[in-house]
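Here is my note on the model you sent round. Please read it with the structure open.

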Amino acid sequence: MDNKFDLQAYLTKGVEHIVSDSLRAVLKDPRETAFMLKFAAASSKASKKRAKSAEKGEHIPPFLIASITSSCNLHCAGCYSRCSSATTDAPPDDQLTAEEWLRIFNEAEELGISYILLAGGEPLMRRDVISSAASVSNIIFPIFTNGTFINEQYFDIFDKNRNLIPVLSIEGGREATDSRRGKGVYDLLCVNMEKFCKKSLIFGASVTVTTENINEISSEEFIGSLAEKGCKLVIFVEYVPMSEDSERLAPTDKERQLLNDRIAALRSRYTDVVFLSFPGDEKGSGGCIAAGRGFFHINSHGGAEPCPFSPYSDINVRDTSLREAIDSRLFGALRSGDILADDHAGGCVLYEKRAQVEALLNKNE
């Protein structure tokens with residue numbers, strides 16, 4: 001890892017960029033603009049908290065990913081969560097309660113974490129946890145959802161709590177989306193997007209980028225259709241193969257460069273839409289930002305993991321504080337070693353180097 005690289009400054013600048021882009025994206029909506037101005041002040045305060053911690057030799061990431069349930073009503077092809085058994089059809093067992101998640105969210109605010117991405121399973125199946133998140137108004141909670149549980153009650157919740165931002169999973173057009181997620185899902189997503197637009201509610205779209213859909217999902221036609229429906233955030237997530245037979249779907253270096261070039265063009269064309277890419281260009285952040293460098297993951301049972309694609313844990317937030325979880329032995333070993341900055345073929349270095357991560361976990365036990 002390059003010790004001269006100022007990760008804290010890089011991530012702080014990145015958060016400020018997201019906030020400024022978000023403000024620009026919602027300028028035509030008075031209520032949304034008022035919320036973003038309030039959040040901008042909270043985000044600045046959070047950045048100062050992280051900076052003070054850094055002065056003491058303690059790094060606090062600005063992002064957290066929380067998988068709040070192991071349940072999902074869909075069986076999407078190639079789902080990493082099902083492949084790793086983090087999502088199952090069995091009744092949820094020993095998952096964190098809404099009260100435990102609220103404690104984590106409040107601790108995150110105290111530490112200076114600005115964004116908590118809610119995932120699953122299908123996170124909207126945990127309305128109790130969504131309500132807990134809504135109460136922590138100084139943190140923005142993008143909710144990665146398949147969109148099938150959105151109803152009038154949820155529209156009301158999103159209207160009253162602007163820190164909750166639904167991010168609808170879509171794979172491109174009807175054929176691409178339904179072939180992966182199930183027949184009728186695309187049409188339901190479109191109906192919900194139109195309702196969000198009519199109700200002046202901000203929403204985003206999450207697109208899993210594969211070798212099969214990269215041209216479609218980065219095209220003017222597809223992005224234009226989302227923008228017309230009122231989408232204000234598009235997150236491109238590179239597909240991470242969870243088995244050898246799906247490795248062909250992972251974007252190559254050439255295809256990732258193509259995506260980066262198209263995203264740059266889209267940002268210039270659609271100034272009222274925020275575009276993000278994960279993992280994106282890791283070289284710009286000194287390597288992978290998982291394991292607490294820029295974010296980490298908490299699974300539905302409380303295990304603190306480097307990221308959703310690296311489901312290894314040596315500490316549970318049920319038994320310790322969030323601050324102690326960030327400084328776990330496994331996270332510390334990953335941050336101080338070379339794995340996060342290693343060259344690798346795919347979009348996720350921790351998945352490709354999983355044997356080394358497992359060795360570190362076993363060494364720490």
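**Notes on the model**

1. Of the chain's 365 residues, 56% count as buried. Buried means under 20% relative accessible area, exposed over 50%, and partly exposed in between, with a 1.4 Å probe and protein chains only.

2. This is a predicted model: local features need pLDDT of at least 70, side-chain atom pairs count only at pLDDT 80 or more, and totals for chains, interfaces and linings use all residues. Residues are numbered from 1 along each chain as its sequence is written, and side-chain values use heavy atoms, leaving out hydrogens and water.

3. The chain holds 15 helices and nine strands. These are DSSP runs numbered from the N terminus: helices are H or I with at least four residues, strands E with at least two.

4. The chain has a radius of gyration of 19 Å, which agrees with the value near 21 Å for a compact globule of 365 residues. That radius is taken over C-alpha atoms, and the globule rule is 2.2 Å times the number of residues to the power 0.38. The C-alpha trace spans about 50 × 45 × 45 Å along its principal axes.

5. Take contacts between residues at least 6 apart in sequence: 72% join residues at least 24 apart. Contact means heavy atoms within 4.5 Å.

6. Now helix α13, residues 329–336. Its buried residues are Leu-330, Phe-331 and Leu-334. Seen down the axis, they fall within an arc of 95 degrees, so they line one face of the helix. The arc is that of the directions from the helix axis to the C-beta atoms. On the other side of α13, Arg-329 and Ser-336 are exposed.
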